[in-house]
Amino acid sequence: MTDADITTATADWQAWQQSWDRQQEWYLPDREERFRIMLDMVEALVGTAPRVLDLACGTGSITARLLARFPEATSTGVDLDPALLAIARGTFAGDERVGFVTADLKDPDWPAQLPYDSYDAVLTATALHWLHREPLADLYGQVAGVVRDGGVFMNADHMIDETTPRINAAEQAQRHGRMEQAKRDGVLDWSQWWQLAAKDPVLAEPTARRYEIYGDHADGDMPPVAWHARVLREKGFAEVRPVWCSPSDTLLLALK
């Protein structure tokens, strides 16, 4: 099924998942490798049957890969986006291992809405750059409160090192050139994907609500790895370091 066909398959949640993956991979060609390392570290530190909080879960990309690799795992997805949550809930409907919570991560009381007091692992990817530094630091403190002792938090996201401007510019130019070629080959970008969702009979209404909440895209921060590591330690994590990186992306692991 192509992206253009999705508009005629309003209940085909798997097709929407695949379309979302293609759109995200346009920005992040190493996305699957990043997920693999994330799950490697979950297994190494908390085992193969973890209770996981999929933070800012979107369509449930992390949850899907978690359960494919660890069938005995359980996952709670939390997000505010009505359209992406509709896809997530449709995808995992009937799977007792998975639950979803609608919550604003800028609300200090969001952890009270979770079904469990603690989690073995809290995982998030390509999401927290929507937050500015102050609310992100607050969020890290709340995350520390729901990760059990010995548990892990992992954040895979853009973490920009402003001390390397020439390297950053060269990487960005190379990446954007590759993206433009992929776009000429028919890959949807962020805006085009949302335009498609807005035309779907099932997703049109939650997509409209999503734009009322966020607009086109939130304007957050992308602080460097050192900032994230320092704040996570200040909020209660004992060990913090990158466990994977690409030229544009970092997977940071914090151990409680």
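**Salt bridges of helix α2**

In the predicted model, the side chains of D40 and R36 form a salt bridge, with an N to O distance of 3.0 Å. Both residues belong to helix α2, where four residues, about one turn of the helix, separate D40 from R36. D40 is partly exposed, at a relative accessible area of 23%, and R36 likewise counts as partly exposed, with 40% relative accessibility.

A further salt bridge of helix α2 pairs the side chain of E43 with that of R69, at 2.8 Å from N to O. Because E43 is located in helix α2 and R69 in helix α3 (residues 61–69), this contact ties together parts that are 26 residues apart in sequence. The relative accessible area of E43 is 37%, which places E43 in the partly exposed class; R69, at 31%, is also partly exposed. Through shared partners, salt bridges join E33, R36, D40, E43 and R69 into one network.

Helix α2 also contributes R34, whose side chain meets that of D249 in a salt bridge of 2.3 Å, N to O. R34 lies within the helix (residues 31–46), whereas D249 occupies the loop between β6 (239–245) and β7 (250–255); the pair therefore ties together parts that are 215 residues apart in sequence. Both partners fall under the 20% limit for burial: R34 is buried at a relative accessible area of 1%, and D249 is buried at 2%. In total, the structure holds 16 salt bridges, among them the R34–D249 pair.

Methods: Residues are numbered from 1 along each chain as its sequence is written. This is a predicted model: local features need pLDDT of at least 70, side-chain atom pairs count only at pLDDT 80 or more; totals for chains, interfaces and linings use all residues. Side-chain values use heavy atoms; hydrogens and water are left out. A salt bridge is a side-chain nitrogen of Lys or Arg within 4 Å of a carboxyl oxygen of Asp or Glu. Helices (H or I, at least four residues) and strands (E, at least two) are DSSP runs, numbered from the N terminus. Buried means under 20% relative accessible area, exposed over 50%, partly exposed in between (1.4 Å probe, protein chains only).
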